[in-house]
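Here are a few exercises to help you find your way around a new structure. Try each one yourself before you read the solution.

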Amino acid sequence: MTTYRLFRSPANATKFPWVALPGLLAACALAGCGDKGAAQAEAKKSAPAVPVLTTTVVEKRMPVRLHAIGTVEPVASVAIKSRVDGLIARVHVRDGQDVVKGELLFQLDPKPFEAQMAHAQADLARDVAQLEHSQGQERRYKELLERNFVSSEAYAQVSANLRGLESTIKGDESEVNRTRINLGYATMRSPISGRAGKILLTEGNLVKANDTLAMVVINQISPIYVALSIPQQHFEEIRRMQAKSPLRVDVPPEYGKTAGKLAFADNTVDASTGTIKLRGIFDNSAKLLWPGQFVDTWLTLREEPSARVVPAQALQNGPKGQYVYVVKPDATAEVREVVVDRIEGSEAVIAKGLDPGESVVMDGASRLLPGSKVIAKSADKPS
């Protein structure tokens, strides 16, 4: 027969059995927590080292640049329109053709203009003959007046006729020049070198002088402008630096290796956006920039001689801002909050938080915790 021995609690515990329970639970909890903290510390010591790729904080010369989205604009754009009414007899340009200044584009039917000029020349020749006759008559009347064979009124009439014919001759000459100019307008040449767009009027079409519809639009694309808008707070520094030497404007490498120069600053600030329009000019000899394109642009203001630089991929984002993992001499990772001044391509310029020569984690930070052991492989050395 098995005998069970009952535990006798103190009088108060018997009366209030739940009084002793919280104390027991608290004691157990404290013991458990202590064991858990010790276990975590022990686990961290025994955790395997994390392989990471590191790089060194360097101090070097870095440009101070402003970034903006630019719009490519032609240096010159000409809408070719006829200056006279006429019929298109010949089109000498193709869609998208490169043309040079003075190259023949369109030929209007010249016959109407040639007929007008022939008529004007005939009128001029007739009046010139009358003028010669009037000049001889004026000389004879002058001699007769000196001998008192004619009255002064008769001489005045002959002289007035001569002056009238001289004025008529000037009008005739002007008409000949006008018809000659119109005949010249029948031959239409390119006023600039550039790229022709779509031909909008072809052979057989009638054109009106200065019609609303252009026959073709020619854009000059070499050199070419890139327009960008910069916040007004930078304008004073831009003006100061531009006065020393033309500022450099860059576009992505795929649009050519030649950098442009700042060529123009608008004379007013856009009140709706708080920006001012600038314009850089590019050689564009390879014709990679095209009017109407949107491109990234960078305006270089100056160079910072001693900037602290790390790869931008080393930066991590946390609740308090950006940070990096610094590898300490004992091969453990330390979280370091940093203040980033700017991003230049794939590099970050650090204003505060890092010193030159420190080693930061560039790849593998997602597997790290503060104090983690690391196996560092430097990206600065060839493998």
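**Exercise 1: the whole chain**

Work out what share of the contacts with a separation of 6 or more is made by residues 24 or more positions apart.

Solution. This is a predicted model. In the protein chain, 76% of the contacts with a separation of 6 or more link residues 24 or more positions apart. Next, look at the secondary structure: the chain has five helices and 20 strands. Then check burial: 32% of the 383 residues count as buried.

**Exercise 2: a helix pair**

Decide how helix 3 and helix 4 are oriented relative to each other.

Solution. Start with the angle: helix 3 (residues 111-146) and helix 4 (residues 152-185) pack at about 160°, and their axes are 8 Å apart. Angles over 145 degrees count as roughly antiparallel, so helix 3 is roughly antiparallel to helix 4. Now sort the contact by class: there are 16 nonpolar, 12 polar and 10 charged residues. Finally, the handedness: helix 3 crosses helix 4 in a left-handed way.

**Exercise 3: backbone oddities**

Find where N210 sits, then do likewise for K287.

Solution. N210 lies in the loop between strand 8 (206-207) and strand 9. Its phi is near 55°, a positive value in a residue other than glycine. With a relative accessible area of 61%, N210 is exposed.

K287 belongs to the loop between strand 12 (275-282) and strand 13 (294-311). It isn't a glycine, yet its phi is positive, at about 55°. Its relative accessible area is 31%, so K287 is partly exposed.

One last stop: the peptide bond from S222 to P223 is cis, with omega near 0°, and P223 is in strand 9 (residues 216-231).

Key
Residues are numbered from 1 along each chain as its sequence is written. This is a predicted model: local features need pLDDT of at least 70, side-chain atom pairs count only at pLDDT 80 or more; totals for chains, interfaces and linings use all residues. Side-chain values use heavy atoms; hydrogens and water are left out. Helices (H or I, at least four residues) and strands (E, at least two) are DSSP runs, numbered from the N terminus. Buried means under 20% relative accessible area, exposed over 50%, partly exposed in between (1.4 Å probe, protein chains only). Contact means heavy atoms within 4.5 Å. Axes are lines fitted to C-alpha atoms, for helices over the stretch in contact, and angles run from 0 to 180 degrees between N-to-C directions. Angles under 35 degrees count as roughly parallel, over 145 as roughly antiparallel, 65 to 115 as roughly perpendicular and the rest as oblique. A crossing is left-handed if the near helix is turned anticlockwise from the far one by less than a right angle, and right-handed if clockwise. Ala, Val, Leu, Ile, Met, Phe, Trp, Tyr, Cys and Pro count as nonpolar, Asp, Glu, Lys and Arg as charged, and the others, Gly among them, as polar.
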